[in-house]
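Please find below some comments on the model, set out as numbered points for discussion. They are best read with the coordinates open.

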Amino acid sequence: MPLQLLAHLTDGITSLLITSSGGMPCLAHWGAPLGDSDGRLLAALERPVPVGGLDVDPPVGLLAEPSVGWFGNPGLEGHRSDGRDFAPQFVLQSSEVGDRRAEFVMADQAAALSLTIVIVLHPSGVATFSAAITNDGESDYALDACRLSLPVPAQAQELLTVGGRWANEFGQTRTPWIGNCLTVENRRGKTSHERLGVVFAGTPAFAEHRGEVWGCHIGWSGNFEIVCDSVTDGRRSLQIGELLASGEITLPPGERYDMPTVYAAYSVNGLNAMSNSFHAFMRSRPQHPSTPRPVLLNIWEAVYFNHDFDTLCRLADAAASCGVERFVVDDGWFHGRRSDRAGLGDWWVDTDVWTNGLTPLIDHVRGLGMQFGIWVEPEMVNPDSDLFRTHPDWTLVDQRYPAVLGRNQLVLDVGRDEVAEYLFAQLDSLLRDHDIAYVKWDMNRDLVAATSAGRAGVHRQTLGVYRLFDRLRASHPGVEFETCASGGGRVDFGIFERTDRAWTSDSIDALDRQQIQRGFSLLFPPELMGSHIGAPVTHTTRRSHALAFRAIAAMFGSLGIEWNLLTASDQDRTDLAEIIAMHKRLRTLLHHGTVVRLDHPDPHVMVHGVVAQDRSEAVFACTRLHSGPSLHTAPICPVGLDPALTYDVVSLDIGAGRWGPARHQPSWLADGLHLTGAQLSSVGFNAPVLFPETSMLVHITAASSSRGLGQPRSGRRRGS
């Protein structure tokens, strides 16, 4: 059967061209817009069939099929109990196309399997791909893998992956992609610190504002794999799906498997434009936070497990005096929880510490005009807990072997109905009995040989956690939830369907946070990014930084404080109050504007900012990470502004003494600048001499605009 055009989804920026010759649909083009598409274009896609191989050129289907000659990873792996139906071949049954949406229904009558694939190109430019496989046979079908294939063109010769470790997440790694196969896979049972489920493929040396880039992300909070294959017959593809353990999914007759949604975007102008598409997609969701992100104080690094009513009341007083809007009680409030060795699972207030319960503290916090938040870790249990002593069989382990502890805890089998019911009852009671506006939901350990009902259980566990979140949110629609997994260990589009904020990293070190938060911004907008001002000496690294550096690092995200303000000096509290006031005045811009990461020529300097959607205002941060070969910093050239508008540029002063040694610093620091958007993007401006591990903050406003911070349009602004 000749090749046919099934669908051409386009928004004028991206085109998705789906074709088929009667079998599995193929993504024949994903990239630049194609204009009108007809038979002439299809002829251009036809490839030769060289000698020395098969007599056909096998298509790369949306689920690639070995049965038609594909030698790369199969899109579908599975079999019946006798080994049959391991290499199905699907025939297109029907297609429905319209309004930038395409749905394809396929079947293999011999293997008794049916498949549905839905593709949607959203107004943001992000395309979503979903697939569902149904067992139409009379016997069980063991499903081993289901992977979508997204082909990319030959000019994509470099890969960017994202990952790291605990307290150092979201680092970026580049790999040449020429004649090799790279696999990004996660087996830790949650998204993980080590590997974020995203890959960016681009033209050589693609950068923030340069090069073509193709990016895909799997919105799934369990195990996943992305196979980047450039070996098979000269074609390149990104294959992405859930990573299933042996025997994890068996489909009884009539049952269906829905693979996690895959999110994809294309950019002709580098990573920034792609990030803007992902951010716009996230912001378009009906459940996306719509109110200003409250400035919070979390008590963890202030008191740890040493909870005391009077101390926390005084800490709340100090927080409120600085402008904090949400007060969060972290680990240590519940039954038996005096250390990390006991208590998890017993989610009721510890009356040995809180004689009168939490209500007096909540009343005190609410009386100061702040919301009250609380920490939980529902998926975990300590062996030293009433829950474990009563139900040791509720853990996600193979009871035949010794259990492996992590942080003195085990994982509960949340996919099990009675476990989920217990957890819902405990958390529902907590939220019904107390005036709680915010829940920090932690998940502090990896899943080791996760076993549920005798078989691999990560898939079931992930869905169980999703259901628990969904049920609690439905019962308590006014409560916001934060995803935390020892920091950024569970951050993805799947968990963000159920949460309003992410704890980005357990490291609040302002230097570490530069690359951590930059990597986070590749996919997620800043209003979802928990970014806190820590103590002068960082908990995780023991590095010491000035308040100004810590504040600028935290300024752009969902701002928080993680610092015992009872030990802070009066001057520190005064400065902190001014910083929080500045953040509140900039908050609409920071959390609704377009994120811009600059390609600065000095690798020891990092520059990023946010530009208002109407381009009337912007704020940029310039940070010297380390000493470089020169005491000078190459000019800062903000982009994204209106080239025809004239702007006022001023330095926002949030702390003295941070400039480096110089006989003379640029006069604009005192007098301001008056430049057009075109001049700023091409000539820019020189930064002062900066010490290592210091930052400067620059506010840019259209000269004719009445917006801004209500301060003079020249001169350095302090606390504004």
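1. Threonine 483, leaving aside its neighbours within four places in sequence, is in contact with Trp441, Arg490, Ile495, Phe496, Thr499, Arg501, Ala502 and Trp503. In this predicted model, the residue is found in strand β28 and counts as buried, its relative accessibility being 1%. One of the listed partners, arginine 490, has its backbone oxygen 2.8 Å from a polar atom of the threonine 483 side chain.

2. Strand β28 (480–483) is also among the elements against which the buried residues of helix α7 pack, the others being β22 (371–376), α6 (386–390), β25 (438–441) and α8 (458–475). Helix α7 itself covers residues 417–433, and its 17 residues reach 24 Å from the first C-alpha to the last, close to the 24 Å expected at 1.5 Å a residue. Its buried residues include Val419, Tyr422, Phe424, Leu427 and Leu431.

3. Within α7, aspartate 428 forms a salt bridge with arginine 432, with the closest N and O atoms 2.9 Å apart. The two residues are separated by about one helical turn, because they are four residues apart in the helix. Aspartate 428 counts as buried at 12% relative accessibility, whereas arginine 432, at 55%, counts as exposed.

4. The structure holds 43 salt bridges, and two further pairs deserve comment. Aspartate 57 and arginine 47 meet through their side chains at 3.0 Å, N to O; both lie in the loop between α1 and β4, so the pair ties together parts that are ten residues apart in sequence. Aspartate 57 is partly exposed at 28% relative accessibility, as is arginine 47 at 31%. Salt bridges that share partners join Arg47, Asp57, Asp233 and Arg235 into one network.

5. The second pair is glutamate 225 and arginine 147, whose closest N and O atoms are 2.6 Å apart. Glutamate 225 lies in strand β15 (residues 224–229) and arginine 147 in strand β9 (residues 141–152), so this salt bridge ties together parts that are 78 residues apart in sequence. Both residues are buried.

6. Leucine 238, in strand β16 (residues 236–243), counts as buried at 0% relative accessibility. Beyond its neighbours within four places in sequence, its contacts include Trp30, Leu148, Leu150, Trp177, Val199, Cys216 and Cys228.

7. On the surface, Leu54, Val56 and Phe71 make a nonpolar patch of about 320 Å². Phenylalanine 71 is placed in the loop between α1 (39–45) and β4 (76–79), and is exposed, with a relative accessible area of 67%.

Methods
Residues are numbered from 1 along each chain as its sequence is written. This is a predicted model: local features need pLDDT of at least 70, side-chain atom pairs count only at pLDDT 80 or more; totals for chains, interfaces and linings use all residues. Side-chain values use heavy atoms; hydrogens and water are left out. Buried means under 20% relative accessible area, exposed over 50%, partly exposed in between (1.4 Å probe, protein chains only). Contact means heavy atoms within 4.5 Å. Patches are made of residues with over 30% relative accessible area and no salt bridge: like charges are joined within 9 Å, nonpolar side chains (Val, Leu, Ile, Met, Phe, Trp, Tyr) within 5 Å. Accessible areas come from the Shrake-Rupley method with a 1.4 Å probe; for residues, only the protein chains shown count as cover. A salt bridge is a side-chain nitrogen of Lys or Arg within 4 Å of a carboxyl oxygen of Asp or Glu. The expected span of a helix is 1.5 Å times one less than its number of residues. A polar contact is a pair of N or O atoms within 3.5 Å; within protein, one must be able to donate a hydrogen and the other to accept it, and residues adjacent in sequence count only if both atoms are side-chain atoms.
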